[in-house]
Amino acid sequence: MIVDTALWSSLPVPALLLDTGDKIVSSNPAAESFLNMSTKALTGQRFWDKVMIDAPLESAFQRARDNHTSLFVNDVDVGSGERAPMLCNLQFAPLQGTSDTMIVMISPREIASRINQNHSSGKAAKSAIGMAEMLAHEIKNPLAGITGAAQLLSMGLSNEDQEMTDLIVAESRRIVKLLEQVEQFGNLRPPELKSVNLHDVLDRARRSAAVGFGAHMLLVEDYDPSLPQTLADADQLLQVFLNLLKNASEANKDGGAIHLHTFYDASLRVRRADGTQARLPLQIEIIDDGPGLPPEIADDIFEPFVSGRENGTGLGLALVSKLIGDIGGWISVDSVPGRTVFRISLPLAPTETPQQGET
């Protein structure tokens, strides 16, 4: 065995070793217990076939393998064909002393169930938004008074003093704009679900970005021309794409590239809060070559008021998550310096016929 037998057996968390083909070459007793499968049943089997993870991780795992780096994933449902999923953290890392073996460690969280990740705002976030909406309503009126008073004061002042009143007016208006964003977040209309061509919506977003906030970026299309239609609200989906493109553009102020990638993945399924599974085969990736997300906020990037930018409101990605969740989709992010991928997974429109082996 390529690891110390006593140490391997003593690990308190489920752990598996994978070869270059992602086949399981060893599993410790904790993994046998967690997956409710013996080492004999696991050995030689492809990891992704035996360990069910409610997140599209294979491409990120392959990049970690190719780059000989570690991959950490928090708060995903992990299970097997022999046991129900449980909320876990995952760690993938190259095994020291080998050239091609990866170790996977599964750390179960002591939580019986979780709300679908797309509704990441949850009860606490909803309470925060509700409080913010109330404060927004109460604060906007006095701000209007402050702005008006500053404008009146500026009429008889010197140019030097006018700079101060102009600053008061500008900052007051900036706060009002933030408050309006908070109100918008809490007062979104329910989505109007219709059959939507994803590429039409992506093209609208790309054209808008190219002549506006993303004019300094190279926008590259990599579309699957046979991609079926999805069930969504086209206007809200456009808002999602624009928010993600704007984030990518602002992360690369000196210019860079944004790739718009669509493809079909018939294997992707997520577990809903009621225990049912949903198929989300339509994939959209928005990929930028910027500095990546700050590690300290990467796990909470879809939470309201979490932002990696100075003076950022932290509402853009929370809004994106809410809109995608409202139409039954899934959004995830994989970020390292030089490559950030926001991946959206959406359902087929009801009239579309499953393809590529989906039944």
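## Strands β14 and β15

Two strands count as paired here if DSSP finds at least two bridges between them. In this predicted model, β14 and β15 clear that bar with seven bridges, running antiparallel to each other. Take Asp334 as an example: its bridge partner is Val341, over in β15.

These two strands belong to an open sheet of five, ordered β8-β10-β13-β15-β14, and the pairing in that sheet is mixed. The edges are β8 and β14 (330-336), each of which pairs on one side only. Ignoring direction, neighbouring strands in this sheet are turned by 15 degrees against each other on average. A helix goes with the sheet too: α8 lies across β8, β10, β13 and β15, at about 170 degrees to β8.

## Overall picture and confidence

Now for the whole chain. The protein has 359 residues, and 43% of them count as buried. There are 10 helices and 15 strands. Looking at contacts with a separation of 6 or more, 65% are between residues 24 or more positions apart.

How confident is the predictor on average, in pLDDT? The protein averages 79, and 79% of the residues score at least 70. The stretch to watch is residues 110-125, where the pLDDT is below 50, although the model gives this stretch 33 contacts beyond near neighbours in sequence. Where pLDDT is low, the predicted coordinates should not be read in detail.

## The six-stranded sheet

There is also an open sheet of six strands, in the order β2-β1-β6-β5-β4-β3, and its pairing is antiparallel. What is special about where β2 (24-27) and β3 (52-53) stand? They are at the edges with a single partner strand each, so one side of each has no neighbour in the sheet.

At the β2 end, β1 (residues 15-18) pairs with β2 over three bridges, in the antiparallel sense. One contact to look up is Leu16, whose bridge partner in β2 is Ser27. This sheet has a helix across it as well: α5 (residues 58-67) lies over β1, β4 (71-80), β5 (83-94) and β6 (102-108), and runs at about 130 degrees to β4.

## Nonpolar cores

In soluble globular proteins, nonpolar side chains tend to be buried together. Here the largest nonpolar core holds 39 residues, and the members touching the most others are Leu237, Phe241, Leu244, Ile324, Ile344 and Leu346. Which elements give it two or more residues? They are the helices α8 (198-210), α9 (234-251) and α10 (316-326), along with the strands β8 (217-222), β10 (256-264), β13 (282-288) and β15 (339-346). The largest share is from α9, at seven residues.

Leu237 is a handy spot to start exploring. Leaving out residues up to four places away in sequence, Leu237 touches Val196, Leu198, Val201, Ala232, Ile324, Ile327 and Leu346. Apart from this core there is another one, of 32 residues, including Ala31, Val51, Val73 and Ala278.

## Salt bridges

Side chains of opposite charge can pair when their charged atoms come close. How many salt bridges turn up in a search of the whole structure? The search finds eight. One of the pairs is Glu221 with Arg206, at 2.5 Å from N to O. Glu221 is in strand β8 and Arg206 in helix α8, 15 residues apart, so to speak a link between distant parts of the chain. Glu221 has 39% relative accessibility and therefore counts as partly exposed.

Another pair is Arg343 and Asp265, whose closest N and O atoms are 3.5 Å apart. Since Arg343 sits in β15 and Asp265 in the loop between β10 and β11 (269-271), the pair ties together parts that are 78 residues apart in sequence. Is Arg343 buried or exposed? At 7% relative accessibility, Arg343 counts as buried.

Elsewhere, salt bridges with shared partners join Arg46, Asp49 and Glu58 into one network. Within this network, the closest N and O atoms of Arg46 and Asp49 are 3.9 Å apart. Asp49 counts as partly exposed at 46% relative accessibility, and so does Arg46 at 30%.

Technical notes. Residues are numbered from 1 along each chain as its sequence is written. This is a predicted model: local features need pLDDT of at least 70, side-chain atom pairs count only at pLDDT 80 or more; totals for chains, interfaces and linings use all residues. Side-chain values use heavy atoms; hydrogens and water are left out. A nonpolar core is a set of buried Ala, Val, Leu, Ile, Met, Phe, Trp, Tyr and Cys residues joined through side-chain atoms within 4.5 Å. Buried means under 20% relative accessible area, exposed over 50%, partly exposed in between (1.4 Å probe, protein chains only). Helices (H or I, at least four residues) and strands (E, at least two) are DSSP runs, numbered from the N terminus. Contact means heavy atoms within 4.5 Å. Axes are lines fitted to C-alpha atoms, for helices over the stretch in contact, and angles run from 0 to 180 degrees between N-to-C directions. A salt bridge is a side-chain nitrogen of Lys or Arg within 4 Å of a carboxyl oxygen of Asp or Glu. pLDDT is the predictor's confidence in each residue, from 0 to 100.
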